[in-house]
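Biologist: I would like to learn how to read a structure like this one, going feature by feature. Could you show me the general idea each time and then the case before us?

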Amino acid sequence: MSARDRYLKDYGLTYAEGKKIVEYCKNARDYDQVLILQAAQKVKPEIAHLLFMNLTTGIGYDNISKRYYVPMQRKDFQGYRRQTIEEYNRIMKLVGKNIV
């Protein structure tokens, strides 16, 4: 299954858990932001900076695509975003900071 067709439930996360992780990302500082960027780079290096911007600031795909070149459609971007959320959650568990 491609990233665009996977949802949080496919990664074993509920909608509420995903929302909690995203809220954590928006409030992340210092080392936690480094880990968010690393998760995004692991998922899709070409748009890691855009995924990072989306997760840490809450700026949506439409506003990002007005300012920056996004080499994919919204559905693909959102799929990589969900995959990044799951990867970041996995990294946080490995470093001993369980978000959910």
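Biologist: Is glutamate 87 buried or exposed, and what relative accessibility does it have?

Modeller: Please keep in mind that this is a predicted model. The general idea is that a residue is called buried when its relative accessible area is under 20% and exposed when it is over 50%. Glutamate 87 has 8% relative accessibility, so it counts as buried.

Biologist: With which residue does glutamate 87 form a salt bridge?

Modeller: Its partner is lysine 42, and the closest N and O atoms of the two are 3.3 Å apart. This pair links distant parts of the chain, since lysine 42 belongs to helix H2 and glutamate 87 to helix H5, 45 residues apart. Lysine 42, for its part, has 58% relative accessibility and therefore counts as exposed.

Biologist: Which residues are linked with these two in a network of salt bridges?

Modeller: The network is made of Lys42, Glu86, Glu87 and Arg90. Within it, the side chains of arginine 90 and glutamate 86 meet at 2.4 Å, N to O. Both of these residues lie in helix H5, where they are 4 residues apart, about one turn of the helix. Glutamate 86 is buried, with a relative accessible area of 12%, while arginine 90 is partly exposed at 40%.

Biologist: How many salt bridges are there by this rule?

Modeller: The count comes to 8. One of them joins lysine 44 and glutamate 46, with the closest N and O atoms 3.7 Å apart. In that pair, lysine 44 is partly exposed at 21% relative accessibility, and glutamate 46 is exposed at 51%.

Biologist: Let us turn to aromatic rings. How many aromatic pairs does a search of the whole structure find?

Modeller: The search finds 1 aromatic pair. It is formed by tyrosine 61 and phenylalanine 77, with 5.4 Å centre to centre and 50° between the planes, and the pair is described as tilted. That word fits because planes under 30 degrees apart would count as stacked and those over 60 as edge-to-face.

Biologist: Which parts does this pair tie together?

Modeller: Tyrosine 61 lies in helix H4 (residues 61–67) and phenylalanine 77 in helix H5 (residues 74–94), so the pair ties together parts that are 16 residues apart in sequence. Both tyrosine 61 and phenylalanine 77 are buried.

Biologist: How should I read a single helix, and what span should helix H1 have?

Modeller: One can compare an expected length with the modelled one: at 1.5 Å a residue, the 12 residues of H1 (residues 15–26) should span 16 Å, and the end C-alpha atoms are 17 Å apart, which agrees. One can then look at the sides of the helix, where Gly18, Ile21, Val22 and Cys25 are buried. These four cover an arc of only 100° around the axis, which puts them on the same side of H1. On the other side, Ala16 and Lys19 are exposed.

Biologist: What is the relative accessibility of glycine 18, and how far is it from leucine 8 in space?

Modeller: Glycine 18 counts as buried at 3% relative accessibility. From leucine 8 it is 10 residues away in sequence and 6.9 Å away in space, C-alpha to C-alpha.

Biologist: Finally, which residues make the nonpolar surface patch?

Modeller: Tyr31, Val34, Leu94 and Val95 make this patch, which has an area of about 410 Å². Among them, tyrosine 31 is found in helix H2 (residues 31–43).

Key:
Residues numbered from 1 in each chain as written. Predicted model: local features only at pLDDT ≥ 70, side-chain atom pairs only at ≥ 80, totals over all residues. Heavy atoms only, no water. Phe/Tyr/Trp six-rings, centres within 6.5 Å; stacked < 30°, edge-to-face > 60°. Helix = DSSP H or I, 4+ residues; strand = E, 2+ residues; numbered from the N terminus. Buried < 20%, exposed > 50% of the residue type's maximum accessible area, 1.4 Å probe, protein only. Patch = residues over 30% accessible without salt bridge, like charges linked within 9 Å, V, L, I, M, F, W, Y side chains within 5 Å. Areas by Shrake-Rupley, 256 points an atom, 1.4 Å probe, with all protein chains shown as cover. Salt bridge = Lys/Arg side-chain N within 4 Å of Asp/Glu carboxyl O. Expected span 1.5 Å × (residues − 1). Arc of directions from axis to C-beta.
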